Amino acid sequence: MKHAKKTARRKILALRDAAHDPKTDAAMIQTLMALDAYQKAKALACYVSYGSEVDTHPLITRALSDGKTVAVPHCVMKTHEMKMLTLSHFPDDLKPGTMGILEPDPAICPEMPPDAIDLMIVPGVGFTESGERLGYGGGFYDRYLPRLRPDAARIALVPEYLLFNALPTEDHDQRVPVIITERRIINCYHNNASH
Ligand SMILES: Nc1ncnc2c1ncn2[C@@H]1O[C@H](COP(=O)(O)OP(=O)(O)O)[C@@H](O)[C@H]1O
Ligand SMILES: [Mg+2]
């Protein structure tokens, strides 16, 4: 299974690097910002996009100007620990961390506790319509998602071409309940998972 995931990740990331289209990113962010889950959220946790990932920088900027509390991930690779740290200024509170990805400075950004989060934007490499997720290989979100309040919204922004009929998954893999594409909003738990 480790091998199957690794192969799928490599293939999908190569596809994404070739096909990434910023125009579809903007459409997904627009759809998200019109949802109650966004408008009612006081505290939002969102990854800081890197490379060909769906661009979340405009979302973070807008959420801060909408008066929301915004936290972004800080990962410790060695211990596989991820915390969400609260930003006051974007991108000024960030500096390049592991692999050049922008991370918050733990010296100036306080932790947002998991139970304070109203909405989490979940990153990933590939998804299925039933919400199965292939991540980057650290298992960070598989460990973090169960710590959110049950009523917290969990949403993935996924261009149509990164939706697959099936993906290699294991029991520990967490699904996302809602996926936003450039064309539609998918209620994933209405679709049966393949395993
Ligand atoms: N809840 C968990 N508790 C302990 N280890 C976990 C948990 N979730 C995932 N892992 C470990 O993290 C590693 C990466 O998980 P994987 O699902 O392959 O990555 P990703 O979700 O980033 O694609 C695996 O070795 C897996 O066993
Ligand atoms: Mg996983």
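Helices (H or I, at least four residues) and strands (E, at least two) are DSSP runs, numbered from the N terminus. Keep that in mind for the loop stops below.

**Before you click**

You have a predicted model open: local features need pLDDT of at least 70, side-chain atom pairs count only at pLDDT 80 or more, and totals for chains, interfaces and linings use all residues. Residues are numbered from 1 along each chain as its sequence is written, while chains are lettered from A and ligands numbered from 1 in the order in which they are written.

**Whole chain**

Start with a cartoon of the protein chain: 5 helices and 12 strands. Its radius of gyration, taken over C-alpha atoms, is 16 Å, close to the 16 Å from the globule rule for 195 residues, so the chain is as compact as a globular protein of that length. That rule is 2.2 Å times the number of residues to the power 0.38. Switch to the C-alpha trace, and the principal axes span about 40 × 40 × 35 Å.

Colour by burial next. A residue is buried if 20 or more other C-beta atoms lie within 10 Å of its own, exposed if 12 or fewer, and partly exposed in between, with C-beta atoms placed from the backbone. Buried residues come to 31% of the 195. For a contact map, count two residues as touching if those C-beta atoms lie within 7 Å; of the contacts with a separation of 6 or more, 67% link residues 24 or more positions apart.

**The sheet**

Now pick out the open sheet of 7 strands, in the order β3-β2-β1-β6-β9-β11-β12 with mixed pairing. Two strands pair here if DSSP finds at least two bridges between them. At the edges sit β3 (81-87) and β12 (185-187), each paired on one side only. Neighbouring strands are turned by 25° against each other on average, direction ignored, using axes that are lines fitted to C-alpha atoms, with angles from 0 to 180 degrees between N-to-C directions.

Select 43-46 and 69-76: these are β1 and β2, parallel over 3 bridges. Leu44 stands opposite Val70 in β2. On to β2 and β3, which run antiparallel and are joined by 7 bridges; there Val72 has Leu85 as its bridge partner.

**Two loop stops**

Zoom in on His80, in the loop between β2 and β3. This hairpin has 4 residues between its strands, and His80 takes a positive phi near 60°. His80 is exposed, with 12 other C-beta atoms within 10 Å.

Follow β3 out into the loop that leads to β4 (94-96), and you'll find Pro91. Check omega from Phe90 to Pro91: the peptide bond is cis, near 0°.

**Gly131**

Buried or exposed? Select Gly131 and count. It has 22 C-beta neighbours inside 10 Å, so Gly131 is buried, even though it belongs to the loop between β7 (126-128) and β8 (133-134). Leaving out residues up to four places away in sequence, Gly131 touches Arg175, Val176, Pro177, Ile179, Cys188 and Tyr189.

**Ligand 1**

Last stop: select residues whose backbone-placed C-beta atom lies within 6 Å of the ligand. Around ligand 1 you get Lys5, Leu134, Gly135, Tyr136, Gly137, Gly138, Gly139, Asp142, Arg143, His172 and Asp173. Colour this shell by class for 2 nonpolar, 5 polar and 4 charged residues. Ala, Val, Leu, Ile, Met, Phe, Trp, Tyr, Cys and Pro count as nonpolar, Asp, Glu, Lys and Arg as charged, and the others, Gly among them, as polar.
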